[in-house]
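Biologist: I should like to go through the terms used for this structure and hear on what grounds each one is applied. Please show the sequence and the structure.

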Amino acid sequence: MASLHLADGSSLQLRPLEPDDGELLVRLFFRLSAETVYRRFLSPIPDPYRPEMRRLLEVDHRRREALAALSEGEVVAVARYARDAADPDVAEIAIVVEDGWQGRGLGRLLTRRLAALARRRGIAAFHATMLGDNRPALRLLRGLSEAARFRWSTGEIEAEVPLTREPADTSRPRSEIPPAPAPR
Ligand SMILES: CC(C)(COP(=O)(O)OP(=O)(O)OC[C@H]1O[C@@H](n2cnc3c(N)ncnc32)[C@H](O)[C@@H]1OP(=O)(O)O)[C@@H](O)C(=O)NCCC(=O)NCCS
């Protein structure tokens, strides 16, 4: 198991999600705020035991991958990708970080690890859909590639993030993030 070290001195364990991590994921889900759940799933999920949630454990390390960050034995963040069935060079990604761990650099570290893995496996670009006001997610993806492109439509942002180059280590100043267009 690898380690992740945050700038505030915290250390976490990093490992691929495993098929028997269901209870850890359910416990994570119940610790998430309603806003974090909504931002992750783009809808409220009242019951984490719903059958479609089982798909989150279907990780074959080829078409679907998920990396988990653990603290004191609990999963506190997950970053995942699923290759597009029509275009396997592109993968849809989703990330969630437990509320108390947000804003501490964990999402960025985890996403960079996932991007490095995806690059090695020949994935050329990440695609993501997020709510139009999800500034942390926007900044996270912008930091993955300077060539990232964002398209706003009906309250959501579609992101295309090429993975051709390693991301720069420095954070981009907030002013370089393109503002969302005014609602029409
Ligand atoms: C989006 C999310 C994964 C980011 O993870 P995180 O650990 O909180 O983010 P980090 O601390 O690594 O910061 C990532 C970037 O967001 C910025 N950021 C973090 N919190 C922020 C906030 N509250 N407001 C604005 N920017 C913020 C950071 O400054 C950083 O940008 P930078 O590298 O340009 O400085 C996390 O907030 C989350 O789980 N949100 C709910 C689920 C979600 O939105 N998932 C994404 C859609 S699938």
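Modeller: Let us begin with T154, which is found in the loop between β7 and β8. This is a predicted model, in which local features need pLDDT of at least 70, side-chain atom pairs count only at pLDDT 80 or more, and totals for chains, interfaces and linings use all residues. Residues are numbered from 1 along each chain as its sequence is written.

Biologist: Why is T154 called exposed?

Modeller: T154 has 6 other C-beta atoms within 10 Å. A residue is exposed if 12 or fewer other C-beta atoms lie within 10 Å of its own, buried if 20 or more do, and partly exposed in between, with C-beta atoms placed from the backbone. T154, with 6, is therefore exposed.

Biologist: What is the phi angle of T154?

Modeller: T154 has a positive phi of about 40°, although it is not a glycine. The hairpin of β7 and β8 to which T154 belongs has two residues between the strands.

Biologist: Why does H61 count as exposed?

Modeller: H61 has 11 C-beta neighbours inside 10 Å, and so it falls under the limit for an exposed residue. H61 is found in the loop between α2 and β3, and has a positive phi of about 65° although it is not a glycine.

Biologist: Why is F150 called partly exposed?

Modeller: F150 has 18 other C-beta atoms within 10 Å. That value lies between the limits for exposed and buried, and F150 is therefore partly exposed. F150 is found in strand β7, and its C-alpha atom is 9.5 Å from that of A128, a residue 22 places apart from it in sequence.

Biologist: What makes a stretch of residues a helix or a strand?

Modeller: Helices (H or I, at least four residues) and strands (E, at least two) are DSSP runs, numbered from the N terminus. By this rule the protein has four helices and eight strands, and from the N terminus on the elements run β-β-α-α-β-β-β-α-β-α-β-β.

Biologist: How do you know that β7 and β8 pair?

Modeller: Two strands pair if DSSP finds at least two bridges between them. β7 and β8 have five bridges and run in the antiparallel sense, so the condition is met. In one of these bridges, W152 has I157 in β8 as its partner. Strand β4 (residues 74-83) and β5 pair in the antiparallel sense over seven bridges, and V78 has V96 in β5 as its bridge partner.

Biologist: What makes β1 and β7 edge strands?

Modeller: The open sheet of eight strands has the order β1-β2-β3-β4-β5-β6-β8-β7, with mixed pairing. β1 and β7 (149-153) each pair on one side only. Strand β1 (residues 2-5) is joined to the antiparallel β2 (residues 11-16) by four bridges, and A2 stands opposite L14 in β2.

Biologist: On what grounds is F126 said to be in contact with A91?

Modeller: Two residues are in contact if their C-beta atoms, placed from the backbone, lie within 7 Å. Leaving aside neighbours within four places in sequence, F126 is in contact with Y81, A91, I93, A115, V161 and L163.

Biologist: What makes a group of residues a nonpolar core?

Modeller: A nonpolar core is a set of buried Ala, Val, Leu, Ile, Met, Phe, Trp, Tyr and Cys residues joined through C-beta atoms within 7 Å. The largest core has 38 residues, of which A77, V78, A79, I93, L110, F126 and L141 touch the most other members. Its largest share, six residues, comes from β4.

Biologist: Which residues of α4 are buried?

Modeller: They are A137, L138, L140, L141, G143 and L144. These residues pack against α3, β6, β7 and β8.

Biologist: What places a residue in the shell around the ligand?

Modeller: A residue is near a molecule if its C-beta atom, placed from the backbone, lies within 6 Å of it. The shell has 25 residues, with R39, Q102, G107, R108 and R139 the closest. α4 gives the most to the shell, with six residues.
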